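Opening the notebook on this one. I want to jot down what I looked up, one entry at a time.

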Amino acid sequence: MTQTAVDDEQGTVSLPGGFREAPAVTTVFADLLKHGPVARVTVAQRTGLSQAAVTKAVNRLDLRGLISTHDAAPSSAPGRPVQPISVIEDAQISIGVTLRVDEIIAVATTIRANVIHSIHRPLASIAVDSVVDAIDEVVGAIVDALGPDADRVIGVGVGVSGDVDKEHGVVRDSPRLNWSQVDLGALLAPRMPFPVVIENDVRALAIAEEWFGIGVDTHSFAIVTIGAGIGCGLYVNGDVVDGALGVSGELGHLPLATTGERCTCGRRGCVETVASSAAILGRIRAAKRKPSLTMQDAVALGRAGDEDAVAAFEAAGSMIGLAIATMANLVGPGVVLVAGEAVTNYDLFEQHLRSAFDEHAFGAVRDCRIVTRTHTFEDWARGSAASVVHSMLRQTLTA
């Protein structure tokens, strides 16, 4: 967008907290959120806004109590010293919730997704009514823990695995929860004193990485999560990919496997039938004829050199590497972050993952960096909290 077009935009858009402002104000706020503390001139260069428009936006944000200015930094250039600006991250609070089949985790975070409080509770049932009750209770517990600070809460984000229609707050299909066409946003809205965002859990992780992780200085990246399922969040050309139909990055359901095993989605040939934690464990249990074998046992066998365990982990690594190469050939990310609870076992399949990636990556795609990071379940909830800010800045909030 040209500088003139940005400066001349009409209408108002949302800032977190329900404030309505000109689009230029939101643009400046988003840049400060990701990059601050930073000087006005740098914001102007990065956003394409004129320095006058940036100054006007900064004044509006200062009036809202959302930013602070720092002592002027020395500069060798003539004129006034540089005065960096940053978002006051505890001026607003976001609540994030993530669901497992047996547990619910909620966090309260600053607007920059730093966790203030967290709560873990068992989830007795994945029946929709029970989950809605559990979300209501855990959000209430977070609000109680916040005390007077709860007045600064701007919204609640709920991350759910599967096909999620974020615009309408509907979980269209979640094999892990055995849900289909669940209007979770509508069920939660009457119970919540705050706006609600329903988001795919892996996309929520990608949003947190976009704003506060590897996406800050990266034009395009992908986050691949390995665990009970294989997920993928995509950040391409400066924004998280939602997909025209609300579905994107379903790496675990690429039809690349040849084993013929049936996936949790009901189809055959999905990557998850080879590479998910359940698939790895199932293969080792069958080979050892020990149905009570745990993943911890499987990992121990693999590290001890057991042939069956090694073969299962290596097959998973090769499948994930092939899937990442397929995705990278289509999207061309500069970095792929491999994350999730199963990354603690990365040593058992890293070599085969990288070999398969190198074999199938085309041309310069081979230069894509693959990095790893273990994610806790609080990180998933933190992503849900970040999705609230992301949604408000893009006016996709359901309330």
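**Confidence first**

I started at the N terminus of this predicted model: pLDDT (the predictor's confidence in each residue, from 0 to 100) stays under 50 over residues 1-10. For that stretch the model has 11 contacts beyond four places in sequence, a contact being heavy atoms within 4.5 Å. The protein chain as a whole averages a pLDDT of 88, and 91% of the residues score at least 70.

Notes to self: residues are numbered from 1 along each chain as its sequence is written, and side-chain values use heavy atoms, with hydrogens and water left out. As this is a predicted model, local features need pLDDT of at least 70 and side-chain atom pairs count only at pLDDT 80 or more, while totals for chains, interfaces and linings use all residues.

**Helices α2 and α7**

I looked up how α2 (residues 23-35) meets α7 (residues 201-212): their axes come within 7 Å and cross at roughly 85°. Helices here are DSSP runs (H or I, at least four residues), numbered from the N terminus, and axes are lines fitted to C-alpha atoms over the stretch in contact, with angles from 0 to 180 degrees between N-to-C directions. The two are therefore roughly perpendicular (65 to 115 degrees). Ala 30, Leu 33 and Lys 34 of α2 make the contact with Glu 210, Trp 211 and Phe 212 of α7.

I then checked Lys 34, which lies over the face of Trp 211, at 5.7 Å from the ring centre (the cut-offs are NZ of Lys or CZ of Arg within 6 Å of the ring centre and within 35 degrees of the ring normal).

Conventions:
Parallel < 35°, antiparallel > 145°, perpendicular 65-115°, else oblique.
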